[in-house]
Amino acid sequence: MLDDAAFSAFHFRLLSIVFFPVKILFFSDAHGSALALQDLKKRIEDEKPDLICFLGDAIYHGPRNAIQSDYAPKAAIELFNSIAEKLIAVRGNCDTEVDQMVLKFPCLESYTTVWADRRRFFLTHGHLFDARNLPPLPSGTVIATGHTHIPRLEQADNGRILLNPGSISIPKNGSVPSYATYADGRFSLRALMTGSAYAELDAPPVSAS
């Protein structure tokens with residue numbers, strides 16, 4: 001595990017991207033589900049995001065998950081590549097170098113940072129950093145993770161925002177297949193089948209200084 005100094009030294013060698021007023025769509029844990037990715041493409045067409053953030057576990061179903069009836073790795077690869085132009089992805093614990101050979105976007109970094117609307121969005125899968133082991137980042141940072149397959153949207157005591165869009169393919173703990181959006185300072189957890197928001201959070205204003 002990285003200490004604070006080592007984390008800072010490594011973190012700022014990773015890609016940072018600056019955007020201004022922007023709509024972001026977050027999703028995670030596809031696990032090779034072609035049907036889930038087809039439904040996600042419909043939501044992308046409706047939402048029209050400027051940026052799509054994928055939080056890991058793209059193709060492989062994983063050793064702890066039952067193989068789903070719609071598990072179709074080759075079809076999933078094609079669907080992922082069809083949205084590659086707007087996609088920023090991080091590596092999940094089920095992602096491998098073989099996935100990078102077939103996916104047309106970088107997907108093997110454990111975490112990266114996106115800047116949007118003067119906000120820092122820290123993207124990671126959640127098996128290295130999560131709500132119990134937060135990275136050493138300042139108040140106001142949005143920490144977006146997947147991994148648990150359980151949606152989460154809350155502001156922590158330290159002012160950081162914790163976002164987990166849940167899983168589009170294998171939801172757990174009674175949740176539904178879901179994704180998340182950010183626009184104009186508002187975060188929304190949304191049902192994959194309908195696009196309806198079932199939880200929302202307005203982020204605190206960001207100082208212009």
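This passage goes through the cysteines, salt bridges and aromatic pairs of the structure.

The model is a predicted one, and the cysteines make an easy place to start. Zero disulfides turn up in the structure. Two of the cysteines are still worth a look for where they sit. C53 has a relative accessibility of just 1%, so it counts as buried. C107 comes out at 4%, and it therefore counts as buried too, since the cut-off for that label is under 20% relative accessible area.

Charged side chains come next. The count of salt bridges in this model is eight, and a few of them can be taken one by one. In one of them, K42 meets D39, with 3.9 Å from N to O. That squeaks in under the rule, because a salt bridge needs the nitrogen within 4 Å of the carboxyl oxygen. Both residues belong to helix α2, which covers residues 34-47, and they sit three residues apart, so about one helical turn separates them. The two partners get unlike labels for accessibility: K42, at 46%, counts as partly exposed, whereas D39, at 17%, counts as buried.

Another salt bridge joins R91 to E97, and here the closest N and O atoms are 3.4 Å apart. R91 has a relative accessibility of 21%, so it counts as partly exposed; the label for buried stops at 20%. E97 also goes down as partly exposed, with a value of 49%, and in its case the limit to keep in mind is the 50% above which a residue would be called exposed.

Then there is the bridge between D202 and R186, whose closest N and O atoms lie 2.7 Å apart. This one reaches across distant parts of the chain: D202 is in strand β12 (residues 197-202) and R186 is in strand β11 (residues 186-191), with the two residues 16 apart. D202 has a relative accessible area of 44%, which makes it partly exposed, and R186 is partly exposed as well, with 37%. Salt bridges can also share partners, and in this model K23, E47 and R190 are joined that way into one network.

The aromatic rings are the last topic. A pair of rings is described by how far apart the centres are and by the angle between the planes. The structure holds 11 aromatic pairs. One of them is made by F54 and F80, an edge-to-face pair with 5.0 Å from centre to centre and 65° between the planes. F54 lies in strand β3 (residues 51-54) while F80 lies in helix α3 (residues 73-82), so this pair ties together parts of the chain that are 26 residues apart in sequence. As for accessibility, both F54 and F80 are buried.

A second pair brings F121 and F187 together, this time in a tilted arrangement, with the centres 6.2 Å apart and the planes at 50°. Here too, distant parts of the chain are linked: F121 belongs to strand β6 (residues 119-124) and F187 to strand β11, with their positions 66 residues apart in the count. F121 is buried, and F187 is buried as well. These two rings also have company, as ring pairs link F26, F121, Y182 and F187 into a cluster. Strand β11 therefore shows up twice in this tour, since R186 of the salt bridge with D202 is in that strand and F187 of the tilted pair is in strand β11 too.

Note on methods. Residues are numbered from 1 along each chain as its sequence is written. This is a predicted model: local features need pLDDT of at least 70, side-chain atom pairs count only at pLDDT 80 or more; totals for chains, interfaces and linings use all residues. Side-chain values use heavy atoms; hydrogens and water are left out. A disulfide is a pair of cysteine sulfur atoms within 2.5 Å. Buried means under 20% relative accessible area, exposed over 50%, partly exposed in between (1.4 Å probe, protein chains only). Helices (H or I, at least four residues) and strands (E, at least two) are DSSP runs, numbered from the N terminus. Rings of Phe, Tyr and Trp (its six-membered ring) pair if their centres lie within 6.5 Å; planes under 30 degrees apart count as stacked, over 60 as edge-to-face and the rest as tilted.
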